[in-house]
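Trainee: I would like to learn how to read a structure like this one. Could we go through it feature by feature?

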Amino acid sequence: MNTTMDKDLLAIQEMRTAVKTAKSAQQKYMSFSQEQVDRVVKAVADAAYARSAELGQMAADETGMGVAEHKKIKNEVGSKAVYESIKDLKTVGIVGEDKVNKVVEIAAPFGVVAAVIPTTNPTSTAFFKTLISLKTRNAIVVSPHPYAVKCTEAALQICEEAAVEAGAPPGLVQCLTMASMDATQQLMKHPDVNVILATGGSALVRAAYSSGKPAYGVGPGNVPVYIERTAKIEKAAENIVNSKSFDYGTICATEQAIVVDHNVKERVMRELKKHGAYVLNAEEKAKMEKAISPVPGKVNPKIVGKSPQTIARLAGISIPEGTRVLIGEETEVGKDIPFSLEKLSPVFAMYTARDSNHAKELCLSLLYLGGRGHSLSLHTKNDDVAREFAIEMPVSRILVNTMSSVGAVGGTTGLLPSMTLGCGTFGGNITSDNVSAKHLLNIKRMAYGIKEVHLPKQAADASKPADETDEIVKEVLKSVNGKANIDPKMVSELVTQIVSQLQK
Ligand SMILES: CC(=O)SCCNC(=O)CCNC(=O)[C@H](O)C(C)(C)COP(=O)(O)OP(=O)(O)OC[C@H]1O[C@@H](n2cnc3c(N)ncnc32)[C@H](O)[C@@H]1OP(=O)(O)O
């Protein structure tokens, strides 16, 4: 047997043991009361929040992506903000009652959740998925991204230990440590896995959907940000640069292309530069295109989550000290136009729009290229324009006058804190929500009768011969024979009455 086979077999073995352990723990956890569940969830959230900085550093070191201090903030969103948003949710027993319509709602867990975690947000997504699973009395088995196994495992270990300390049965939180695609795929098809939460590259999301299990998969984003002519330019530029440079652009709701109204372009450029943007000249842009996408249609993983300085070095250009984001002016959109792709790094495309209709066309092309259903960002003081975009664009989140990256995951907006953002059927997903605990529950509904239905009388069979009444009487008497003391005369009268009614 060669070593790869050895490794794959061991990984599959590890996966099977993990699912078995998770299932057995979940069956015990099923009997927990709401109070007990809430105690476990709070303990896990507190423990995760307390280790946010350490885990942020670990994730940055292991993946070589992003900024440790920003990953700390993501971990805080994935633990504390997620906890605050689900803590009052009823997830055990009777969770709702409509007294008028007499419908009672009862929550039942799914069972075992299989979770795939991306390399871009490993620890924050591990915290988030664990919390929503435990809140709903599910167990979770996590398949980490191969570049982020250690930090994901450490995050899950913290959760498991805190859960057990708070009284949960051991084994509810499981992590696969061997980074085998075979084991991950088999996990998604395992008979004891009940649902998949897949966040990551599109190949994995596709694998989740083809597993035959219910799955929440998250499609890619390619978020345009429109700076409309009434926008508060200074604030918009500051938000956009802060958002794009947050964790070096690794959140999938990060702005990828600036679409600016030509009336305000000059001021926007000035403000962007003031906040650390560097606009590439034609020669630099050509070099950068090769760095962004050496293979047409695919973004170079070497730029994902990297600093502008690293990306500039890779492209062979020099940029001013203190540069926070790079901008390439563009007019076209397409798979072979590198700047128009989802770059997951502090690199922007910039398009100039003649007016808001032209801006809509540009935004639509960018979304159709790779971000349909995800998010779109707008900076405007004109609420009519904001609403028009919200109604017309095929996206699930429209962020207005805020940082799109942190805003979409609930950090700077009232959206539900989540590290898994549904793209609706626009993006081939079942939900357009920010995925949360409510998505991991079966809701049973017990409904009492509150209305009578008067069925139309059945037409009598006119062709039935009259003496059939005798046959029916005989049948009735035969069937009750010896079981009840029934007067044959009474049966005969009753049958005659029924038959005559039917014949009317
Ligand atoms: C709210 C939010 O922000 S959610 C964010 C969701 N979006 C993302 O995470 C971004 C999506 N991620 C990506 O696009 C990619 O991971 C990148 C661009 C960051 C890196 O790309 P790449 O290194 O080219 O490839 P990718 O990460 O897909 O996979 C690398 C390898 O690991 C494998 N792999 C990925 N996940 C797993 C897993 N859970 N278990 C086992 N193997 C895995 C892939 O199959 C691939 O194997 P291969 O090289 O044999 O084909």
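Trainee: At what angle do α11 and helix α12 pack?

Mentor: Keep in mind that this is a predicted model. The angle between α11 and α12 (residues 308-315) is about 100 degrees, and their axes are 8 Å apart. Angles of 65 to 115 degrees count as roughly perpendicular. The pair α11 and α12 is therefore roughly perpendicular.

Trainee: Which residues of α11 and α12 make the contact?

Mentor: On the α11 side they are Lys287, Met288 and Ala291. On the α12 side they are Ile311, Ala312, Leu314 and Ala315.

Trainee: At roughly what angle do the axes of helix α3 and helix α5 cross?

Mentor: Helix α3 (residues 52-63) and helix α5 (residues 122-135) cross at roughly 130 degrees, and their axes come within 8 Å. That crossing angle makes α3 oblique to α5. The residues in contact are Leu55, Ala59 and Thr63 from α3, with Pro122, Thr123 and Phe127 from α5.

Trainee: Now the sheets. What is the order of the strands in the open sheet of 7 strands?

Mentor: Read a sheet from one edge to the other, not along the sequence. Here the order is β10-β11-β12-β9-β8-β13-β14, and the pairing is parallel. Strands β10 (277-279) and β14 (395-400) each have a single partner strand, so one side of each has no neighbour in the sheet. From one strand to the next, the twist averages 25 degrees.

Trainee: Over how many bridges do β10 and strand β11 pair?

Mentor: β10 and β11 (residues 325-329) pair over 3 bridges, in the parallel sense. To find the register, look at Ala277, which stands opposite Val325 in β11.

Trainee: Which strands does helix α11 lie across?

Mentor: Helix α11 (residues 282-292) lies across β10, β11 and β12 (347-353), and runs at about 110 degrees to β11. Helix α14 (residues 383-392) also packs on the sheet, where it touches β8 (223-227), β13 (373-379) and β14. The direction of α14 makes about 170 degrees with that of β13.

Trainee: And what is the strand order in the open sheet of 5 strands?

Mentor: The order is β5-β4-β3-β6-β7, with parallel pairing. At the edges are β5 (173-175) and β7 (215-218), each of which pairs on one side only. Neighbouring strands in this sheet are turned by 15 degrees against each other on average, direction ignored.

Trainee: Which residue in β5 stands opposite Val141?

Mentor: Val141 faces Gln174 in β5. The strands involved, β4 (residues 139-143) and β5, pair in the parallel sense over 3 bridges.

Trainee: Which helix lies across β4 and β5?

Mentor: That is helix α6 (residues 149-165), which runs at about 160 degrees to β5. Helix α8 (residues 202-209) packs on the sheet too, touching β3 (112-116), β6 (195-199) and β7. The direction of α8 makes about 165 degrees with that of β7.

Trainee: Last, the ligand. How many residues surround the ligand, and which are the closest?

Mentor: A ligand site is read from its neighbours, then from its polar contacts. There are 25 residues around the ligand, and Thr120, His145, Thr184, Leu204 and Cys252 are the closest. A polar side-chain atom of His145 is 2.5 Å from a ligand oxygen atom. The side chain of Thr184 has an N or O atom 2.8 Å from a nitrogen atom of the ligand. For Lys298, a polar side-chain atom lies 3.3 Å from an oxygen atom of the ligand.

Trainee: What percentage of the ligand's accessible area does the protein cover?

Mentor: The protein covers 73% of the 1000 Å² that the ligand has on its own.

Key. Residues numbered from 1 in each chain as written. Predicted model: local features only at pLDDT ≥ 70, side-chain atom pairs only at ≥ 80, totals over all residues. Heavy atoms only, no water. Pairing = 2+ DSSP bridges. Helix = DSSP H or I, 4+ residues; strand = E, 2+ residues; numbered from the N terminus. Axes fitted to C-alpha atoms, helices over the stretch in contact; angles between N-to-C directions. Contact = heavy atoms within 4.5 Å. Near = heavy atom within 4 Å. Polar contact = N/O pair within 3.5 Å; in protein donor to acceptor, adjacent residues only side chain to side chain. Areas by Shrake-Rupley, 256 points an atom, 1.4 Å probe, with all protein chains shown as cover. Parallel < 35°, antiparallel > 145°, perpendicular 65-115°, else oblique.
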